[in-house]
Amino acid sequence: MTSKALAEQAAIKDAQDPLAPLRDEFYFPELGTAELAYFSGHSLGLQPKNIGAAVNAELKEWARYGVEGHFHADKPWYSYHEELTPAMAEIVGGKNSEVVCMNSLTTNLHLLFVSFYRPNAQRYKIISEARMFPSDRYLLETQARFHGFDPEDAIIEIGPREGEWLIDEEDILEAIATHGDQLALVFFGGVNYITGQRFDMARLTQAAHAVGAIAGFDLAHGAGNIPLELNAWDVDFAAWCSYKYLNSGPGNVGGVFVHERHGQSFDLPRFGGWWGHDKVSRFQMKSGFKPMEGAEGWQLSNAPILGMAAMKASLDVFHRVGMTALRAKSETLTAFLEQVIDTLAEEHPNAGLRLISSRDTARRGAQLSIEVSAYDRQLFESLIAAGVIADFREPNIIRIAPVPLYNNCADIVTFYRVMSTLLSGD
Ligand SMILES: *Cc1c(COP(=O)(O)O)cnc(C)c1O
């Protein structure tokens with residue numbers, strides 16, 4: 001396929017895209033290059049233009065009311081987190097009572113582990129994926145040690161088979177069955193950060209429950225990327241960040257899901273703080289922690305309003321567009337990117353270029369990862385220098401995420417042109 005033919009195809013797809021106008025609602029980084037294509041929404045989503053005004057509005061409320069803003073601001077800070085819940089719950093397929101925005105991702109996972117990883121001598125193992133995101137790996141190691149177990153023994157990592165990149169779900173199910181009565185927890189990323197592999201969370205949850213274990217997911221790469229049905233899938237708990245596909249700003253507040261069947265389990269061990277305490281008696285400041293019902297009962301601190309204002313503005317965009325429309329466009333973009341990757345591989349047989357993400361739409365989200373085995377980091381540096389903002393993992397993996405809110409097929413053609421030039425060595 002020629003560059004011209006690809007560009008023509010892209011133009012047709014982009015012209016038919018009902019979400020095309022959304023692109024203008026985001027700021028694109030200016031790195032001084034003519035052809036800039038941003039594909040790093042899996043690491044840091046672009047800034048929605050409505051965020052500035054939303055944060056400024058809260059700064060004004062603070063200037064105007066001081067401490068009284070907790071009750072008198074247009075959206076009182078006292079209950080501000082509730083403003084974010086419906087849109088966030090929609091994104092993850094949870095009920096409002098099952099979802100709350102608070103803290104950040106790794107912190108939230110530790111807090112949820114306090115309640116949902118309660119190993120004993122018989123049942124202490126955790127099944128998770130090999131090549132986990134480092135923070136999750138540290139989470140598992142330190143949790144196992146905290147409870148007096150050796151991580152080498154307690155953590156069962158399921159990796160891909162020899163020569164493969166993707167994990168066969170049958171292998172996960174088999175491990176769950178094998179470790180059955182020793183298994184405390186099945187903990188996976190909903191979408192793997194390196195390969196973009198999407199796991200069947202309903203299936204893994206069901207298998208975990210069948211042997212009496214808990215099922216939890218890190219949705220850092222799932223939230224805002226793929227449609228989620230956490231309540232219907234019966235997932236016990238999940239947590240995610242909001243700065244990747246959810247575009248709420250660097251390091252901003254995360255989200256958690258706790259299934260409603262645990263929402264009234266007030267005797268579950270948990271770490272308490274005043275914002276998780278019964279809101280009617282919160283300001284009586286008495287001793288005797290009484291958790292709120294639902295996910296809110298895991299909160300610790302009063303909400304960081306400025307960050308949450310940014311997050312609310314970003315979630316408003318998701319609420320307006322809806323995950324169904326986003327996913328439909330995402331599938332179009334990813335299919336086109338797959339075609340471009342195959343074309344590049346065909347045109348440059350010596351590059352060792354290969355798609356490592358799944359070719360099955362059901363087993364992937366927005367991100368496609370490629371291995372370019374004849375090249376090293378230099379290829380990636382050249383990509384960036386040419387204005388294609390992607391992401392690199394050693395030794396030679398490039399991760400590209402066309403994001404349906406702000407990317408289009410023309411961006412993918414830019415990727416194609418720049419890669420063609422680089423791989424041709426001119
Ligand atoms: C991005 C990411 C994190 C980051 O954790 P923070 O606590 O937000 O810094 C953790 N886990 C996974 C799987 C991620 O993709």
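This briefing covers the ligand site and one buried arginine, R364. The model is predicted: local features need pLDDT of at least 70, side-chain atom pairs count only at pLDDT 80 or more, and totals for chains, interfaces and linings use all residues. Residues are numbered from 1 along each chain as its sequence is written, and side-chain values use heavy atoms, with hydrogens and water left out.

**Ligand shell**

- Around the ligand stand L105, T106, F133, D136, D218, A220, H221, Y243 and K244. Such a residue has a heavy atom within 4 Å of the ligand.
- This shell holds four nonpolar, two polar and three charged residues. Ala, Val, Leu, Ile, Met, Phe, Trp, Tyr, Cys and Pro count as nonpolar; Asp, Glu, Lys and Arg count as charged; the others, Gly among them, count as polar.

**Atom pairs at the ligand**

- T106 places a polar side-chain atom 2.6 Å from a ligand oxygen atom.
- Y243 has a polar side-chain atom 2.5 Å from an oxygen atom of the ligand.
- An N or O atom in the D218 side chain lies 3.1 Å from a ligand nitrogen atom.
- The protein covers 81% of the 390 Å² of accessible area that the ligand has on its own (Shrake-Rupley method, 1.4 Å probe).

**R364**

- R364 lies in the loop between β11 (353-355) and β12 (368-372). Strands are DSSP runs (E, at least two residues), numbered from the N terminus.
- R364 counts as buried because its relative accessibility is 3%; buried means under 20% relative accessible area (1.4 Å probe, protein chains only).
- Its side chain makes a polar contact with the E338 side chain at 2.7 Å. A polar contact is a pair of N or O atoms within 3.5 Å; within protein, one must be able to donate a hydrogen and the other to accept it, and residues adjacent in sequence count only if both atoms are side-chain atoms.
- A polar side-chain atom of R364 also lies 3.0 Å from the backbone oxygen of S358.

Terms used. Helix = DSSP H or I, 4+ residues; strand = E, 2+ residues; numbered from the N terminus. Buried < 20%, exposed > 50% of the residue type's maximum accessible area, 1.4 Å probe, protein only.
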